[in-house]
Amino acid sequence: MSVSAEKWAEQVRAGDVRAMSRAITAIENYQPEADELLRLVFPHTGRAYLTGITGAPGTGKSTLADRLAAHYRKQQERVGVIAVDPTSPYSGGAILGDRIRMQGHAGDSGMFIRSMATRGFLGGLARATAEVALLLDAAGKQQVLIEAVGVGQDEVDIVRLADCVVVVVVPGMGDDIQNMKAGLMEIGDIFVLNKADRQGADRLEQELVAMLSLVMPRDGWHPPVVRTVATENKGIDILAETIGKFRNHFETSGKRQRKQVEHWKRRLVDLLESRLLEKALGSVEGQKRLEELALEVAQRKKDPFAAVKEILAKSGLAN
Ligand SMILES: Nc1nc2c(ncn2[C@@H]2O[C@H](COP(=O)(O)OP(=O)(O)O)[C@@H](O)[C@H]2O)c(=O)[nH]1
Ligand SMILES: [Mg+2]
């Protein structure tokens, strides 16, 4: 490492793009210095507002995130965007696909866009995303947008770390509501009916509203439906306003703190789990011993409880 962790943390806090990129790579690769960096910047976090944007591929999440980001920038808010969607047109702040869409943000120092690799993550994608969000928070980004395809548990975990979860649906995707994952229905704080320029928008809205009326309001909040045409920048201001309302609702009712405590409880358990695993099986011999024990258990030479007991004893974790 060419600079000290302290210097690095300072650069991150100043929003230095190279320092941030290096930090994100360190997080992605689970490098020990990432922990040290996060430890140093942690006291300077807790100010960013995290909005998760999820929905099926092609519903317009990237377009919405992009437009929402532009909206916040117009209000002089600093924005960070994390795209956990392999098909997203962002790449490390550069544009891969849709040039026109991102052109407006190129060279804007108040905006940081990062697309995360989605494969082969140690400790899970949700962990890496949460840590990158912390980093953006430390760098003074006031609005952090997290785009994730809403398909698997991993993605649900990703958006769960957000303060506000926006679920995007579009007309014309078969029996839309019926196909929608029950999990998505439950985690959505705000539903966006994007591509409202398309046929079937009215019907979908009716279905959505009917469905949402059956969902119990959470702490007095009824998830509203916002119609947008992201490509035409329509409805973005109302979406931003609705996110603001949600934020106010939870901040004034003190529920945000409770959510945060829940969040950190989960994160602490995750951390503990990975640290314990590291301690128990992190070494080369640990891995070898795991293989041997698994074989012995498979051959019924040993029972799994004895095997675990042995691992714990070896790593000094048993009393
Ligand atoms: N007609 C229409 N097309 C849209 C709208 N929003 C996004 N799209 C298009 O839908 C496609 C997928 O958008 P994208 O943002 O990449 O979706 P993602 O996969 O959910 O991130 C792109 O071709 C967009 O230009 C919209 O409101 N109306
Ligand atoms: Mg996308």
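Q: Axes are lines fitted to C-alpha atoms, for helices over the stretch in contact, and angles run from 0 to 180 degrees between N-to-C directions; at what angle do helix α3 and α6 pack on that footing?
A: Helix α3 (residues 32-41) meets α6 at about 40°, and their axes are 10 Å apart. Helices here are DSSP runs of H or I with at least four residues, strands are E runs of at least two, and both are numbered from the N terminus.

Q: What kind of model is this, and how are its parts labelled?
A: This is a predicted model, where local features need pLDDT of at least 70 and side-chain atom pairs count only at pLDDT 80 or more, while totals for chains, interfaces and linings use all residues. Residues are numbered from 1 along each chain as its sequence is written, chains are lettered from A and ligands numbered from 1 in the order written, and side-chain values use heavy atoms, leaving out hydrogens and water.

Q: Why is α3 called oblique to α6?
A: Under 35 degrees counts as roughly parallel, over 145 as roughly antiparallel, 65 to 115 as roughly perpendicular, and the rest as oblique. At about 40°, the α3 and α6 pair lands in "the rest", so α3 is oblique to α6.

Q: Why are α2 and α6 called roughly antiparallel?
A: Helix α2 (residues 17-28) and helix α6 (residues 125-138) pack at about 155°, with axes 9 Å apart. That angle is over 145, so the pair counts as roughly antiparallel.

Q: What makes α1 and α2 roughly perpendicular?
A: Helix α1 (residues 5-13) crosses α2 at roughly 115°, and the axes come within 8 Å. That value fits the 65 to 115 range, so roughly perpendicular it is.

Q: Which of these crossings are left-handed or right-handed?
A: Left-handed means the near helix is turned anticlockwise from the far one by less than a right angle; clockwise is right-handed. α3 with α6 is left-handed, and α1 passes α2 in a left-handed crossing too. The crossing of α2 and α6 is right-handed.

Q: How do you know that threonine 63 makes a polar contact with ligand 1?
A: A polar contact is a pair of N or O atoms within 3.5 Å. An N or O atom in the threonine 63 side chain is 2.5 Å from a ligand oxygen, so the pair qualifies. Glutamate 147's side chain also meets a ligand oxygen, at 3.0 Å, and aspartate 197's side chain meets a ligand nitrogen at 2.9 Å. Taken alone, ligand 1 exposes 580 Å², and the protein buries 76% of that (Shrake-Rupley areas, 1.4 Å probe).

Q: How many residues surround ligand 1?
A: 17 residues do (a heavy atom within 4 Å), with Gly58, Lys61, Ser62, Thr63 and Asp197 the closest. Helix α4 (residues 61-74) gives the largest share, three residues.

Q: What makes the phi of lysine 195 stand out?
A: Most residues other than glycine have a negative phi. Lysine 195 has a positive one, near 55°, and is found in the loop between β8 (190-193) and α10 (201-214).

Terms used:
A polar contact is a pair of N or O atoms within 3.5 Å; within protein, one must be able to donate a hydrogen and the other to accept it, and residues adjacent in sequence count only if both atoms are side-chain atoms.
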